[in-house]
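Student: I'm new to this one. Could you walk me through how to read it?
Tutor: Happy to. Let's bring it up and take it feature by feature.

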Amino acid sequence: MANAFVTKGLTRTYGEGRSAVHALRGVDLELPEGEIVVLLGPSGCGKSTLLNILGGLDRPTTGSVHFHDEELTSLSDRALTRFRRDHVGFVFQFYNLMPSLTARENVELVTEIADNPMDPDEALALVGLKGRSDHFPSQLSGGEQQRVAIARAVAKQPEVLFCDEPTGALDSATGRAVLEVLAEVNARLGATVLMVTHAANIAGMAHRVIRMADGQVRDVTVNETRLSPAEVHW
Ligand SMILES: Nc1ncnc2c1ncn2[C@@H]1O[C@H](COP(=O)(O)OP(=O)(O)OP(=O)(O)O)[C@@H](O)[C@H]1O
């Protein structure tokens, strides 16, 4: 498999001098395309910082990131925005839906500006919300709102889906349903899924597990056999 991302010597420092925080201290990674990758590690070890840099939401202090043949770190702000718009989707812990828009309208926010979008109703059907398109976020459960957020992220058919604690606000049964949707998006659309989580058991469904500590990658393992989301407990 070709690599989706290759990073070399990534560092990210917030602030300066004695109050500087070294969030990443030299991260070298190769992430093959088409995998589910789970990123684990203690609070503050740099997981979200790494995710944000790979997704083009932030830039490293030093080091390089390649997405296929393109060096993200050398792009202008405008080109980086285009990279985000064309290639990546984001799902966060708190769904960030627009409360005044229906589920379909929330998805349309993305499909109206994407190059090769899915039909919004098809995206909502993919996450099991056919028939709920005209409902507002306040009429949906937490798990359903997260599924709308996933539909919104996948409707532009991104090559990479970044998920930061996607099940963090959900009980385990609802969280499992969300993981099933992510596994489905990976299997059916071939999207690389990169997921940050505190729930170590979720690693069982990944192709690859990255463990970070103190701003560095400590360990990368490849699962010989993977659990189905239904088998994941936390
Ligand atoms: N904007 C910022 N300004 C200053 N420090 C920051 C900023 N963002 C993150 N940090 C610091 O960088 C370090 C890494 O943060 P990051 O959010 O990447 O960790 P994390 O592993 O995702 O943590 P958590 O699991 O708690 O979300 C932490 O010490 C954090 O306080």
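Student: Which element gives the most to the shell around the ligand?
Tutor: Keep in mind that this is a predicted model. To read a shell, look up which helix or strand each lining residue sits in. Here H1 gives the most, with 3 residues.

Student: Which residues surround the ligand?
Tutor: You'll find Tyr14, Gly15, Val21, Ala23, Gly41, Ser43, Gly44, Cys45, Gly46, Lys47, Ser48 and Thr49 around the ligand. Two elements, strand E2 (21–32) and helix H1 (47–54), each give two or more residues to that shell. Sorted by class, the shell has 7 polar, 4 nonpolar and 1 charged residues.

Student: How many helices and strands does the protein have?
Tutor: Its secondary structure comes to 6 helices and 10 strands. For a sheet, read the order of the strands and the sense of their pairing. One open sheet of 4 strands runs E2-E1-E4-E5, with antiparallel pairing. At the edges are E2 and strand E5 (70–71), each pairing on one side only.

Student: What does the pairing of E1 and E4 look like?
Tutor: Strand E1 (residues 3–14) meets strand E4 (residues 62–67) in the antiparallel sense, over 5 bridges. For a spot to zoom in on, try Val6, which stands opposite His66 in E4.

Student: And what is the radius of gyration of the protein?
Tutor: Compare it with a rule for globules. The protein has 17 Å, and a compact globule of 234 residues would be near 17 Å, so the two agree. As for burial, 40% of the 234 residues count as buried.

Notes. Residues are numbered from 1 along each chain as its sequence is written. This is a predicted model: local features need pLDDT of at least 70, side-chain atom pairs count only at pLDDT 80 or more; totals for chains, interfaces and linings use all residues. A residue is near a molecule or strand if its C-beta atom, placed from the backbone, lies within 6 Å of it. Ala, Val, Leu, Ile, Met, Phe, Trp, Tyr, Cys and Pro count as nonpolar, Asp, Glu, Lys and Arg as charged, and the others, Gly among them, as polar. Two strands pair if DSSP finds at least two bridges between them. The radius of gyration is taken over C-alpha atoms; the globule rule is 2.2 Å times the number of residues to the power 0.38. A residue is buried if 20 or more other C-beta atoms lie within 10 Å of its own, exposed if 12 or fewer, and partly exposed in between; C-beta atoms are placed from the backbone.
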